[in-house]
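Hi,

Here is the structure I said I would pass on. Have a look at it first, and then read on for what turned up.

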Amino acid sequence: MQQAIALAQQAAKEGEVPVGAVLVKDGEIVGRGLNRMISDSDPTAHAEIVALRDAASRQGNYRLPGTELYVTIEPCMMCAGALVHARVSSLYFGTREPRAGSVVSTQDLLQNDALNHRLEVNEGVCKEACADMMTSFFQEKR
């Protein structure tokens, strides 16, 4: 999670909402991502999606079984769906996103019985650091 936090800090320096993500397989980072929506003019360039794209490109496969995603904030609906499609095994996130979080906050998308893949979900990893980063970023914006 420390690597994800560092990526989130980099995103903030670039004027993006401070979200960072790393995808790990067998103890090695195989994908990295930070929010890039503004800089890329791409509404899908969330940290999780950027990390998945990075890992898929490196692995040469859009399926990423046996991987774990570490992200500083609870994934939104789009990102949660991408985790299912990529067959990510586990999700570790720092803090909840009360407005758009689709893992525990607004819905439990990853445990939907209609889905053909489920992820193990672990929340609260470095929770305070992740929450403080978001709070500080938005306080400075206001």
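**Aromatic pairs**

There are two aromatic pairs in this structure. Keep in mind that the model is a predicted one.

Start with tyrosine 70 and tyrosine 92: their ring centres are 4.6 Å apart and their planes make an angle of 5°, so this pair is stacked. The cut-off for stacking is planes under 30 degrees apart. Tyrosine 70 belongs to strand β3 (residues 67–73) and tyrosine 92 to strand β4, so to speak a link between distant parts of the chain, 22 residues apart. Are these two tyrosines buried or exposed? Tyrosine 70 is buried, with 18% relative accessible area, and tyrosine 92 is buried too, at 17%.

The other pair is phenylalanine 137 with phenylalanine 138, and this one is edge-to-face, with 5.1 Å from centre to centre and 85° between the planes. Phenylalanine 137 is buried at 10% relative accessible area, whereas phenylalanine 138 is partly exposed at 31%.

**The sheet**

Next, the strands. Five of them make up an open sheet with mixed pairing, in the order β2-β1-β3-β4-β5. At the edges are β2 and β5, each of which pairs on one side only. From one strand to the next, the twist averages 15°.

If you want to look at one strand pair, try β4 and β5: they run parallel and are joined by four bridges. Leucine 91, for instance, has valine 121 in β5 as its bridge partner. Helix α1 packs on the sheet as well, where it touches β1, β2 and β3, and its direction makes about 150° with that of β1.

**Salt bridges**

How many salt bridges are there? The count comes to six, taking a side-chain nitrogen of Lys or Arg within 4 Å of a carboxyl oxygen of Asp or Glu. Here are three of them.

One of the six joins arginine 36 to glutamate 14, with 3.6 Å between the closest N and O atoms. Arginine 36 is in the loop between β2 (28–34) and α2 (37–40), and glutamate 14 is in the loop between α1 (2–13) and β1 (20–25), so the salt bridge ties together parts that lie 22 residues apart in sequence. Both ends are partly exposed: arginine 36 has 27% relative accessibility, and glutamate 14 has 39%.

Then there is arginine 53, whose side chain meets that of aspartate 42 in a salt bridge at 3.6 Å, N to O. Because arginine 53 sits in helix α3 (residues 47–59) and aspartate 42 in the loop between α2 and α3, this pair ties together parts eleven residues apart in sequence. Arginine 53 is partly exposed at 44% relative accessible area, and aspartate 42 is partly exposed at 21%.

Glutamate 123 and arginine 96 form another salt bridge, and here the closest N and O atoms are 2.8 Å apart. This pair links distant parts of the chain, with glutamate 123 in strand β5 (residues 120–123) and arginine 96 in the loop between β4 (90–95) and β5, 27 residues apart. Glutamate 123 is partly exposed, with 39% relative accessible area, and arginine 96 is partly exposed with 44%.

One last thing to look for is a network: Glu14, Arg36 and Asp40 are joined into one by salt bridges that share partners.

Cheers

Technical notes. Residues are numbered from 1 along each chain as its sequence is written. This is a predicted model: local features need pLDDT of at least 70, side-chain atom pairs count only at pLDDT 80 or more; totals for chains, interfaces and linings use all residues. Side-chain values use heavy atoms; hydrogens and water are left out. Helices (H or I, at least four residues) and strands (E, at least two) are DSSP runs, numbered from the N terminus. Buried means under 20% relative accessible area, exposed over 50%, partly exposed in between (1.4 Å probe, protein chains only). Rings of Phe, Tyr and Trp (its six-membered ring) pair if their centres lie within 6.5 Å; planes under 30 degrees apart count as stacked, over 60 as edge-to-face and the rest as tilted. Two strands pair if DSSP finds at least two bridges between them. Axes are lines fitted to C-alpha atoms, for helices over the stretch in contact, and angles run from 0 to 180 degrees between N-to-C directions. Contact means heavy atoms within 4.5 Å.
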